[in-house]
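Trainee: Could you take me through one part of this model slowly, starting from the chain it belongs to and then going strand by strand? I would like a connected account rather than a list.

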Amino acid sequence: MIEFLQHVINALILGSTYALLGIGLTLIFGIMRVVNFAHGELYAFGAYCVYLVSVLMGLNFFFSILVAILAGCLLGALIEVILLRPMRNADIDTTMLVMIGAMIVMQNGEQYIWGGVAKSVNTPFPEAPFVIGPFSVSSLSLFVFFAALLLIGVAYFLINRTKLGKAMRATFQDRDTASLMGINIQRIYMATFAIGSSLAAAAGALLGPVYVVSPLMGNIASLKAFAIVILGGLGSIGGATIGGFMLAFAEEIGAGYISSGYRDAMGFLIIIAVLLVKPTGLFARSERIG
Amino acid sequence: MTRLFPWVALAVFASIPLWLHDPYLLNAFITTGIFIIAAMSLNLLLGYTGQLSLGHVAFFGIGAYTSALTSLGFDVELIGGLRVVHEPWPVWTGLVLGTLVAGLCGYIVGKLSFRVRGAYFVIVTISFAEVVRLVALNWVELTQGPLALTSIPPMTLGLPGLGYFDFYSKQSYFYLVLAIVVISYVIIRRLVYSRVGRAMVALKENESLAVSVGIDVTRYLVLAAVVSAGIAGAAGSLYAHYLKIIDPDVFLFLYTITMVIMVITGGKGTLAGPIVGGLIFGFIPVVARSFAAPEVQWILYGLFMILIVFVLPQGIVPAVENLFTARSKAEFPASPKAKIQDAP
Amino acid sequence: MNAAQPIAARPALSIEHIAVHFGGLVAIADMNFVVNEGEVVSLIGPNGAGKTTAFNIITGFLRPSQGEVRYRGTPLTHLKPHQVAELGLVRTFQRTSVFQSVSVFENVMIGLHRRGRSRLWDTLLALPRERESENDLRAKAHEILEFVGIERRANELAGSLAYGEQRLLGVALALAAEPSMLLLDEPVSGMNATETARFMQLLGRLRKLGVTILLVEHDMPMVMGVSDRIVVLNYGRIIAEGPPAAIQGNPEVIRAYLGQGARKRAGD
Amino acid sequence: MRKGRAISTFAAAALLSIGLAGQASAQTIKIGVNEPLTGPFAASGTYVVNGAKIAADEINAKGGLLGKKVELVIEDNKSNPTEAAAVAEKLITADKVPVIMGAWGSSLTLAVMPKLLEYKVPMVVETSSSGKITTSGNTYIFRISPPSAVEAAAFKDILPKLHMKKVDFLVINNDWGRGAADDFGKVLKGEGIGVGLVETMDQSAQDMSAQLSKIKGTDSDTIMVTTAVEQLTLLLKQAAALGIKKRIVTTGGSQNPDQLIDQAGTAANGTYHLTTFAPWYPDQTPDPTATKYFLGEWKKRGFNFAGATESFRGYDGIRTIAKGIEKAGKAEPEAITKALWDVDFTGLNGKIKFQKQGPAGKESGQSMPNVYLIQIDNGKVILPKL
């Protein structure tokens, strides 16, 4: 029982960052229909930003996270304008290929600049864990958990309570109608990609210090983010949040009680099962036909 | 002229071992050829039925493992204490079984996953490939997991008592790969230019309309998946017996991406597309290696990919065809896609 | 002016107690009607009355919440769309009615799918049956294009045709599937007067071939001109049924749908 | 004409470079280096290559080999078996190298091996640990890194002093990790020590708390861990966060204790590491002069000290090859293959002398290096007093 609860605590912390990754991608995927393979690279980008600002430049750790989020936003906007805008009418697989190209360039660019050796980021948090009875959590993880929840809240507010969010939702529902209603689709797409990217960078900025920062960190992040989005359903922030926690639980429980070798298979098995039972993801309304 | 072109191309390829004696380049042709076969199989799904399978490497890997295990033999205990012992069989049966088992997996995956479309289908196929990879990694008794299957025998053709021909030399392996390329090309060509191919194109274009004239969606999607997976499995078998070692890295996501790049840059939905794209992206690393730093080679690879997609979004082959039709004013427009955007 | 009534009315399509609910919304409530062999019947009603929903139910694109559809005695509600088409019941679509990015000729070849006789092995091994079958199909495709009157456009891209011609191609596509009954969803919407007249001629030729037709259409003069009977839907219910003359005079229909203009025009 | 001139300049440059290349090959002895410089193993592969360069420069500074300069032909195998085989093909056939060093990971090395047989070119294996490499009957393989069985056998002597009762394993899910769990498990059982869980983690996994939580709940007193330094860093941090108090012993020689101290901080304190090279105490290594020279060069070139525990293998690998070429008296594959059997010198981690392994008549060479147990104590590496 104690072991189980420890697994639950682990899963909650892991899930919060998965959710952050998932939300960014679900916005991009849902609204723009771009299979964004570069999402994981923005995650890595955020982590490297923190490394650059807090370790190399020696500035405040919390400030470096803010820098990472803003830089992610900018880079996202740039990618959108340069790579995606000219491809607006292309097929989903053609834009996907462009994003794969961007992924290859960014990943190897990171390695070229920073080298292959993983970097670690020290934080102002004490290394000794919080211990409550038989349970134990590091204070950095707790910070990450609450920061992630805060960012999820901000994203939720942005989408549901602001004018921009309303326009984004309208575009998600029906791009043509939204455009007829006077919504500037170009701007919405840019904003969507920028916000999605900054959320990915935020996830990287938070997790970089927890793990280590390396050029390859983006690969697994992309794959997990896709899994989360599919679990939650396209374009659903609530869905992506729940999907993130679900994936984390599946992995924890799978590794803890079934087989650690199949830990990463758990998420994928759930996806396959979910899609076979409810092909539109768990929390999305079905798309319209025609 | 266009009719002759495949024959001319075949003659040129067939002549390569006669004048190219550099084993390194011949090696590049063989591995590129193997990936071209895989890309051609992917093109059947992606280019003709419009379904993007990002788990295609699973079939490639399944073919590779099946073929290797057929020729190496194995001894595993299944759930319930059932022990399965397989004595090594002649190597060519591995190629056949690799193709069949991959095709069977294509059938199962097709039956299950064609219930979803678009982005969902993409993710289901990625998930499938990851699960297969993890099984290959963790079912150590059968696959040796990360310890790799080694000493895989070279491909041989023949029957007990009748003598064998082995494809040990690079020249002979080149012709073996070329033969499989040709067989795959013919199979795909015949399918595409038949009512089966028309049914696939109809499904890609407008599924509701296709079923309304009596085309059974699932049947043709599954058929495409079976043929496609089978051909990918054959490519995997060729890979295993050429490299003579396989481990779960054969399921690298990068390999799927390589196939997709070959298909899309060459021109999806065209017969020559994967071959042209395959040759280009098979040889970029060879060329880039001679002058660029390792990371820069990759960066160039990525940039070149983006460039091709930007300049020729339909791919190289349709663009070249367009050039020809624009000159000769042929009857059939070669690049239909270019005009879709204008339609209501 | 009305076409002759069939002497012995044999029901081809029967709709029995069909109801469709989307969540709490009732799209169709207890619908009953029959289309007899060789008849031209029109289904009319204001927007959102449930006409296209009815089409989707009949052709297997939607499952009804209750009730049964039969075609020549065979229940349809558990069949998939392509199985419905195999029974000879073929529909056209309102919006996307052709395969845009292939040629007109290829469109019809796709439509001829069911008539192909070659098996997979014939195709893969290039056996003689494959070529015979393909040659037959090509001949038939030309025949159909000629019948519909767009033979000249055979090699053009379907997406590049004028709108009216696309609708004709849509019918050609449906005809290729060898229908014994056609369901046409607003076939003349967006056509000009000349094109509509041409289309009405085509309908006449079709019924001479013995094809039963169920039509959804907004163009009242055309509906009145070609139909043997008319079924009027409003809010998912049938509010009237009968020959054009009776429908024109039905006050409930007029109130619900036709309005003053139509009555005046019908009276001309 | 400008255009014409540009072309002729280009042609001249091309001719010149071909001429130079031709000349160079006549005057140098080429050694092929087949290492992962991009992809997941890029960091380690780069370390090894940097170590190899130090060796080559050292040899050249001392006048080269057989009167010729040594030239390393370094190729990236992209952490990918297909590429590793292609690189071997290129090195052997296009660059005409008579001997290769490579290819870091076991699957990479295994993919290269058929090429060695095909072209009869020897390869010195500097890192790979899979048992299969030396037991599959490839006579062109000479390995200087210890497979886990060798490491485990060395560990046996230290065991009684550690007073273990029961051990859980947490290993990377590849040939290296699984091999270590098997071989160490056998030794432990032989000594009457219990073996509990054997948990694995994916090569790319970043979060091991599930496995660690499971281990936390068992009655074992020690966790034996095999993985590369990045994952080890995370693992130590996560174990500390979970409040795991068990003794942690790592194996495999890729732990890089300095990087652990630097990146895992206090979480690394108290952990034990089996390593094959002890650069912290150069005077206690088998060849203190060489160790000091190597570390001095390493520092001079601006590489971080932490990389030394990986890069020394590249240094020793090239030195082994050089000794082989010297003994052979000529830079030809057959001669070098034969001569490598006679190599006998003291490397940075002990005697390098190849013993026969594998099927009779088709043996591969395996050198038996030293194994040290070190401990991290208060941010410093110490040789524990047991």
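Mentor: What follows is a close look at the open sheet of chain D, with the chain as a whole described beforehand and one chain contact added at the end. Please keep in mind throughout that this is a predicted model.

Chain D contains 13 helices and 15 strands, and its C-alpha trace spans about 80 × 55 × 40 Å along the principal axes. Because a compact globule of 386 residues would have a radius of gyration near 21 Å, the 22 Å of chain D agrees with that expectation. Of the 386 residues, 59% are buried, and among the contacts in chain D with a separation of 6 or more, 69% are between residues 24 or more positions apart.

Within this chain, seven strands form an open sheet of mixed pairing, in the order β7-β6-β8-β9-β10-β14-β15. Its edge strands are β7 and β15 (380-382) of chain D, each of which pairs on one side only, and the twist from one strand to the next averages 25°.

At the β7 edge, strand β6 (residues 166-172) of chain D and strand β7 (residues 194-201) of chain D are parallel and share six bridges; D:V167, for example, has D:V195 in β7(D) as its bridge partner. Between β6(D) and β7(D) the chain passes through helix α7 (residues 175-190) of chain D, and this β-α-β crossover is right-handed. The helix α7(D) lies across β6, β7, β8 (222-226) and β9 (247-251) of chain D, and runs at about 165° to β6(D).

At the β15 edge, the pairing is of the other sense: strand β14 (residues 372-377) of chain D and β15(D) run antiparallel and are joined by three bridges, with D:Q375 having D:I382 of β15(D) as its bridge partner. When you inspect these strands, remember that side chains in a regular strand alternate between the two faces of the sheet.

Finally, to set a contact between chains beside this sheet, 29 residues of chain B are in contact with 36 residues of chain C. On the chain B side, the elements giving two or more residues are α7 (170-192), α8 (195-205), α9 (207-212) and α15 (337-340) of chain B, and the largest share, seven residues, comes from α8(B). The residues on that side of chain B divide into 16 nonpolar, five polar and eight charged.

How values were computed. Residues numbered from 1 in each chain as written. Chains lettered and ligands numbered in written order. Predicted model: local features only at pLDDT ≥ 70, side-chain atom pairs only at ≥ 80, totals over all residues. Contact = placed C-beta atoms within 7 Å. Helix = DSSP H or I, 4+ residues; strand = E, 2+ residues; numbered from the N terminus. Nonpolar A, V, L, I, M, F, W, Y, C, P; charged D, E, K, R; others polar. Pairing = 2+ DSSP bridges. Right-handed = clockwise from strand over helix to strand, strands pointing away. Rg over C-alpha atoms; globule rule 2.2 N^0.38 Å. Buried ≥ 20, exposed ≤ 12 C-beta atoms within 10 Å, placed from the backbone. Axes fitted to C-alpha atoms, helices over the stretch in contact; angles between N-to-C directions.
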